[in-house]
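Please look through the sequence and the model shown here before reading on. The paragraphs that follow lead from single residues to the fold as a whole and back again.

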Amino acid sequence: MDLRLATDDSDTRALTLTKLALPSLKLAKATHDPAGGPGAVGFVKPKLEELSPKAEIAGLDERFIGLIGTKQAFEFAKVWTDKEDGQDYSVRGEIHGVLMSWEPDEAGGGAEIHKCNHEFAEVTRYTYYINGRRIFDYDYFAIKAFFGDNDLFESYRRGLGIGGARG
């Protein structure tokens, strides 16, 4: 797996990235609990909860630490092998956000390499593709969120007249 700046192909962490915790894709709920009703209902809203990916890197990556607090576009890539048929799948995606933290783990003895944990915030763009097939594509500023081909905000953009659509 690799995590790098989208603008610099030489900015690789393929040999130091130990984990990339991609965010849960969870829609928000609005609870309606009428006083005279038989119960509460959590209505699902076409709105995503905040995305917060995390990365764990072996060793001290001073270049990565130097990016904390700045808005950046990152790419991630991985080769996933299907255990049943042995076929390799290319996993690619983007994270546009702010690297907001650096947390070194406890130093210990033995052969284990010191690791550092990082977290992203202000994620305004996040994509996830397998073999070029869209799994998820989110763009906060364009008011878009796709789960596969399901466009959650198409009717909103059309109703607002955004992106050339009129409703």
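**From one strand outward**

Leucine 20 has its place in strand β2, in a model that is predicted. With a relative accessible area of 13%, leucine 20 counts as buried, because the limit for that class is under 20%. Apart from residues within four places in sequence, the contacts of leucine 20 are with Met1, Leu3, Lys54, Ala55 and Phe76. Of these, Leu3 and Phe76 reappear below, when the nonpolar core is described. The C-alpha atom of leucine 20 is separated by 36 Å from that of leucine 160, a residue 140 places away along the chain.

What pattern of helices and strands does the protein follow along the sequence? The order is β-β-β-β-β-α-β-β-β-β-β-β-α, which amounts to 2 helices and 11 strands. The C-alpha trace spans about 65 × 40 × 40 Å along the principal axes of the protein, and the radius of gyration is 20 Å, where a compact globule of 167 residues would have one near 15 Å. Buried residues make up 34% of the 167 residues. Among the contacts between residues at least 6 apart in sequence, 51% join residues that are at least 24 apart.

In soluble globular proteins, nonpolar side chains tend to be buried together. In this model the largest nonpolar core has 25 residues, and those that touch the most other members are Leu3, Phe64, Phe74, Phe76, Phe120, Tyr126 and Tyr138. At least two residues of this core come from each of the strands β1 (2-5), β2 (17-21), β5 (54-58), β6 (71-81), β7 (88-104), β8 (115-130) and β9 (133-139).

Tyrosine 138 leads from the core to the largest pocket, since this residue is named among the core members that touch the most others and also belongs to the pocket lining. Once neighbours within four places in sequence are set aside, tyrosine 138 is in contact with Leu48, Leu51, Val123, Thr124, Arg125, Tyr126, Lys144 and Ala145. Among these partners, Leu48 and Lys144 are themselves lining residues of the largest pocket, while Tyr126 is another of the core residues that touch the most other members.

The space in the largest pocket comes to about 310 Å³. Which elements each supply at least two residues of its lining? They are β4 (41-48), β9 and α2 (154-160), and β4 gives the most, with 4 residues. The lining is made up of Lys45, Pro46, Lys47, Leu48, Tyr138, Asp139, Tyr140, Ile143, Lys144, Phe153, Tyr156 and Leu160. By class, these residues divide into 8 nonpolar and 4 charged, with no polar residue present. Leucine 160, met above as the distant partner in the 36 Å separation from leucine 20, is thus one of the residues that line this pocket.

Lysine 71 offers a view of strands β6 and β8. Lysine 71 has its place in strand β6 and is partly exposed, with a relative accessible area of 49%. Not counting residues up to four places away in sequence, lysine 71 touches Gly97, Val98, Glu122 and Thr124. Between the C-alpha atoms of lysine 71 and leucine 99, which lie 28 residues apart along the chain, the separation is 7.3 Å. Glutamate 122, one of the residues touched by lysine 71, has its place in strand β8 and counts as partly exposed at 48% relative accessibility.

Most residues other than glycine have a negative phi. Glutamate 122, although not a glycine, has a positive phi of about 50 degrees. Asparagine 131 likewise has a positive phi, near 50 degrees, and is a residue other than glycine; its place is in the loop between β8 and β9. Is asparagine 131 buried or exposed, or partly exposed? At 40% relative accessibility it counts as partly exposed, because that class lies between the limits of 20% and 50%.

Asparagine 131 is also in contact with aspartate 88, a residue found in strand β7 and partly exposed at 48% relative accessibility. Besides Asn131, aspartate 88 touches Val79, Trp80 and Thr81, when residues up to four places away in sequence are not counted. The C-alpha atoms of aspartate 88 and asparagine 131 are separated by 9.2 Å, with their positions 43 residues apart along the chain counted as the distance apart.

Conventions:
Residues numbered from 1 in each chain as written. Predicted model: local features only at pLDDT ≥ 70, side-chain atom pairs only at ≥ 80, totals over all residues. Heavy atoms only, no water. Core = buried A, V, L, I, M, F, W, Y, C linked by side-chain atoms within 4.5 Å. Buried < 20%, exposed > 50% of the residue type's maximum accessible area, 1.4 Å probe, protein only. Contact = heavy atoms within 4.5 Å. 1 Å grid on protein atoms, 1.4 Å probe; cavity = no way out; pocket = protein on both sides within 12 Å on 5 of 7 lines; lining within 4 Å. Points joined across faces, edges and corners; volume = space filled by probe spheres on them. Nonpolar A, V, L, I, M, F, W, Y, C, P; charged D, E, K, R; others polar. Rg over C-alpha atoms; globule rule 2.2 N^0.38 Å.
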